[in-house]
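Take the model below from the outside in. Start with the overall fold, move to the core, then finish with the charged pairs.

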Amino acid sequence: MTSPRRLRVGLDLDGSLESLGNSMTDLADALTEMGECDLVRFRTLGSKATSSEIRVRQRALWAPLWRRGLGRSLDGLLPPVDVVHVAGLATPPTGKTPLVISVDDLRALREETNIHQRVVQLRRAARRGATLVASSRTASHEVQDVLGVQRSQVVVVPPAVPTVAATVGGRDLVINVTGLVELFLSLAPDIVRFAQSRAARVVVLASASSRQRIRQGGLDVTLRARSEAREALAQARVVMHLSDGARFPSFAIAALAAGVPTMARSTAINRELLEGAALLVHSDDEALHALDDVWDNGARRSIMIAAGRSRAIDFAPSTAARAYTTLYRDLVRGWPQ
């Protein structure tokens, strides 16, 4: 039997930045390791950073228009490829090549200040035949509803969650705050008292604006930037994931992979992705009681650690690479020649 022809894939590394790293770089490395694709790595908005990347001709000229889904077709500026995959703020048009756009962050579809540009940009790309990739079934429904696109134009492939080292002997309560700073502030006094009773630190990962807001509260917590997520996870005994559900819960999944018992709010996306592996809290008032059990109950912790590591395999870079390779082949096979 003849083996399938190797795909030539143009992969934009300027996208899907996470606290644990650039998931597009992790995807690129996993695709290369699989050996079924020849990758053309490039950046739509930034200059090349490594020798494995190519420089996009006239990038500086076209980048401002690509952020609006306009400008010169990208495939005319790249070596010959079968499919182009982007995941960031740039959605350049392509002329004769299938375009895949990963939409991992829904904040720009929800916020009034940004909704016009991002919604118009993605609608324009969809009208031209681009395939949009949502990170979960829950997210795919929101993308379809907001953009008004057909179900057939939105597929579900979770992004690559970077590989992390196992956490051993962690003592910190690490709280990942994403879009819910006021909720955290309401829970914080009880959480701090709980941590102090266990001689533990409360370490909060948050954006710069959220850290400033939390700092004003004068709480006894350690504030860390999202870029320090790996270091925080390495010292965690329990992770609390406080998120509004606009982004894929990469940090929570990384915590599961590291063997750290993890708690999260029972939102639609968390039920889809984390149920059975993380402890989902149905009411904010339940959080402290649940934390007590997850912190001290050895049998409960052992079960959660085993379940978490098993679930995290579903989101490993190699898993994402296999799913994307299948998607690329399907698109190329169905693309008019």
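This is a predicted model. Charged contacts first, in brief: the salt-bridge count comes to 16. Individual pairs follow further down.

Now the whole chain. The protein chain holds 13 helices and 14 strands. Its radius of gyration is 21 Å, close to the 20 Å that the globule rule gives for 337 residues, so the chain is as compact as a globular protein of that length. Along the principal axes, the C-alpha atoms fill a box of roughly 65 × 50 × 40 Å. Of the 337 residues, 52% count as buried. Consider the contacts with a sequence separation of 6 or more: residues 24 or more positions apart account for 63% of them. The surface is the other side of the picture. The protein chain exposes about 15200 Å². Carbon and sulfur atoms supply 50% of that area.

Next, the interior. In soluble globular proteins, nonpolar side chains tend to be buried together. Here the largest nonpolar core has 32 residues. Leu173, Ile175, Phe184, Val202 and Met263 have the most contacts inside it. Which elements build this core? At least two residues each come from β9 (172–178), α6 (181–197), β10 (202–205), β12 (236–243), β14 (279–281) and α11 (287–296). The largest share belongs to α6, with 10 residues.

Ile175 gives a good view of the packing. Which residues does Ile175 touch, not counting those up to four places away in sequence? The list is Phe184, Ile191, Val202, Val203, Val204, Leu205, Met240 and Leu242. Phe184 and Val202 also appear among the residues with the most contacts inside the core.

Back to the charged pairs. Begin with Glu53 and Arg43. Their side chains meet in a salt bridge at 2.9 Å, N to O. Both residues lie in the loop between β4 (37–42) and α2 (59–66), 10 residues apart. Is this pair buried or exposed? Glu53 has 4% relative accessibility, so Glu53 counts as buried. Arg43 is buried too, because its relative accessible area of 16% falls under the 20% cut-off. The pair is also part of something wider: Asp14, Arg43 and Glu53 are linked in a network of salt bridges.

The second pair is Glu272 and Arg137. Their side chains form a salt bridge at 3.9 Å, N to O. Glu272 lies in helix α10 (residues 268–274) and Arg137 in helix α5 (residues 137–147), so this bridge ties together parts that are 135 residues apart in sequence. Glu272 counts as partly exposed, at 22% relative accessibility. Arg137 counts as exposed, at 54%.

The third pair sits within one helix. Asp330 forms a salt bridge with Arg333, and their closest N and O atoms are 2.9 Å apart. Both residues lie in helix α13 (residues 317–334). They are 3 residues apart, about one turn of the helix. How accessible is each partner, and what class does that give? Asp330 is at 43% relative accessibility, so Asp330 counts as partly exposed. Arg333 is at 61%, so Arg333 counts as exposed.

Put the settings side by side. Glu53 is buried, whereas Arg333 is exposed. One bridge joins α10 and α5, while another stays inside α13.

Technical notes: Residues are numbered from 1 along each chain as its sequence is written. This is a predicted model: local features need pLDDT of at least 70, side-chain atom pairs count only at pLDDT 80 or more; totals for chains, interfaces and linings use all residues. Side-chain values use heavy atoms; hydrogens and water are left out. A nonpolar core is a set of buried Ala, Val, Leu, Ile, Met, Phe, Trp, Tyr and Cys residues joined through side-chain atoms within 4.5 Å. Buried means under 20% relative accessible area, exposed over 50%, partly exposed in between (1.4 Å probe, protein chains only). Helices (H or I, at least four residues) and strands (E, at least two) are DSSP runs, numbered from the N terminus. Contact means heavy atoms within 4.5 Å. A salt bridge is a side-chain nitrogen of Lys or Arg within 4 Å of a carboxyl oxygen of Asp or Glu. The radius of gyration is taken over C-alpha atoms; the globule rule is 2.2 Å times the number of residues to the power 0.38. Accessible areas come from the Shrake-Rupley method with a 1.4 Å probe; for residues, only the protein chains shown count as cover.
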